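The following exercises concern the fold, the nonpolar cores and the pockets of one protein. Please work through each task before reading its solution.

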Amino acid sequence: MEAEVTSVIDGDTFRIRTDEGNTEKVRLLLIDTPEIGDKPEPYALEARDYAEELLAGQTVHLEFDESERDQYGRLLAYVYVNEQMVNELLLEQGLARVAVFPPDTMYVEDFREIETKARESRLRVWSIDNYVTNRGFNAEAAAQK
């Protein structure tokens, strides 16, 4: 599916306009970026800004896995711009962690390899000890830095 990006919400969520003229929210599959919320978690704004740099005003290709939508009605996709997968780019930059929600696991092994390289290089979210957890990001660990 091809669509035009109309706005970026945060590092892993954005809005598109479909060919039919509908606006949809898209959530990047298999990754999680820090939350912006009332008080942005460390690297949340950087993740959003990087996603915006990649996506703003672009026509993207959405690739779906097993589930087309999540419980919030957002489209779930691997997103490509200029032949590059945005999900992977965020992992490479140390701005995201792998977040697995079966049955959507098509690229999990590739993503884990990318994440390992970012972690070993202590890039961004990986630069703060105990910040990245298997359930998200630990703001308390970041506050102790």
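A residue counts as lining a pocket when it has an atom within 4 Å of one of the grid points of that pocket. The model examined here is predicted.

**Exercise 1.** Describe the second largest pocket by its volume, its lining residues and the classes of those residues.

*Solution.*
Step 1. The volume is about 180 Å³.
Step 2. Applying the distance criterion gives a lining of Arg-97, Val-98, Ala-99, Val-100, Phe-101, Arg-112, Glu-115, Trp-126, Val-132, Thr-133 and Asn-134.
Step 3. Strand 8 (97-98), helix 3 (108-120) and strand 9 (132-133) each contribute at least two residues to this lining.
Step 4. Sorted by class, the lining comprises six nonpolar, two polar and three charged residues.

**Exercise 2.** Characterise the largest pocket by its volume and its lining.

*Solution.*
Step 1. The volume of the largest pocket is about 330 Å³.
Step 2. Its lining consists of 19 residues, of which Arg-27, Asp-70, Arg-74, Leu-76 and Phe-101 are the closest to the centre.
Step 3. The elements giving two or more residues to this lining are strand 3 (23-28) and strand 4 (31-32).
Step 4. The class composition is nine nonpolar, two polar and eight charged residues.
Step 5. Phe-101 appears here among the residues closest to the centre, and Phe-101 also belongs to the lining of the second largest pocket.

**Exercise 3.** Identify the residues with the most contacts inside the largest nonpolar core, and determine which element gives the most to this core.

*Solution.*
Step 1. The largest nonpolar core has 35 residues, and those with the most contacts inside it are Phe-14, Leu-55, Leu-62, Val-79 and Phe-111.
Step 2. Elements that each supply at least two residues include strand 1 (2-10), strand 2 (13-17), helix 1 (44-55) and strand 6 (75-81).
Step 3. Strand 6 gives the most, with six residues.
Step 4. With residues up to four places away in sequence left out, the residues that Phe-14 touches include Leu-55, Leu-62 and Val-79.
Step 5. A separate core of eight residues includes Tyr-131, Val-132, Phe-137 and Ala-142.

**Exercise 4.** State the order of the secondary structure elements and assess the compactness of the protein.

*Solution.*
Step 1. The protein has four helices and ten strands.
Step 2. Along the sequence, they follow the pattern β-β-β-β-α-β-β-β-α-β-α-β-β-α.
Step 3. The radius of gyration is 15 Å, close to the 15 Å that the globule rule gives for 145 residues, so the protein is as compact as a globular protein of that length.
Step 4. Of the 145 residues, 47% count as buried.

Conventions
Residues are numbered from 1 along each chain as its sequence is written. This is a predicted model: local features need pLDDT of at least 70, side-chain atom pairs count only at pLDDT 80 or more; totals for chains, interfaces and linings use all residues. Side-chain values use heavy atoms; hydrogens and water are left out. On a 1 Å grid over the protein atoms alone, a cavity is a set of points where a 1.4 Å probe fits but cannot get out, and a pocket is an open set with protein on both sides within 12 Å along at least five of seven lines; lining residues have an atom within 4 Å of a point. Grid points are joined across faces, edges and corners, and a volume is the space filled by probe spheres set on the points. Ala, Val, Leu, Ile, Met, Phe, Trp, Tyr, Cys and Pro count as nonpolar, Asp, Glu, Lys and Arg as charged, and the others, Gly among them, as polar. A nonpolar core is a set of buried Ala, Val, Leu, Ile, Met, Phe, Trp, Tyr and Cys residues joined through side-chain atoms within 4.5 Å. Buried means under 20% relative accessible area, exposed over 50%, partly exposed in between (1.4 Å probe, protein chains only). Contact means heavy atoms within 4.5 Å. The radius of gyration is taken over C-alpha atoms; the globule rule is 2.2 Å times the number of residues to the power 0.38.
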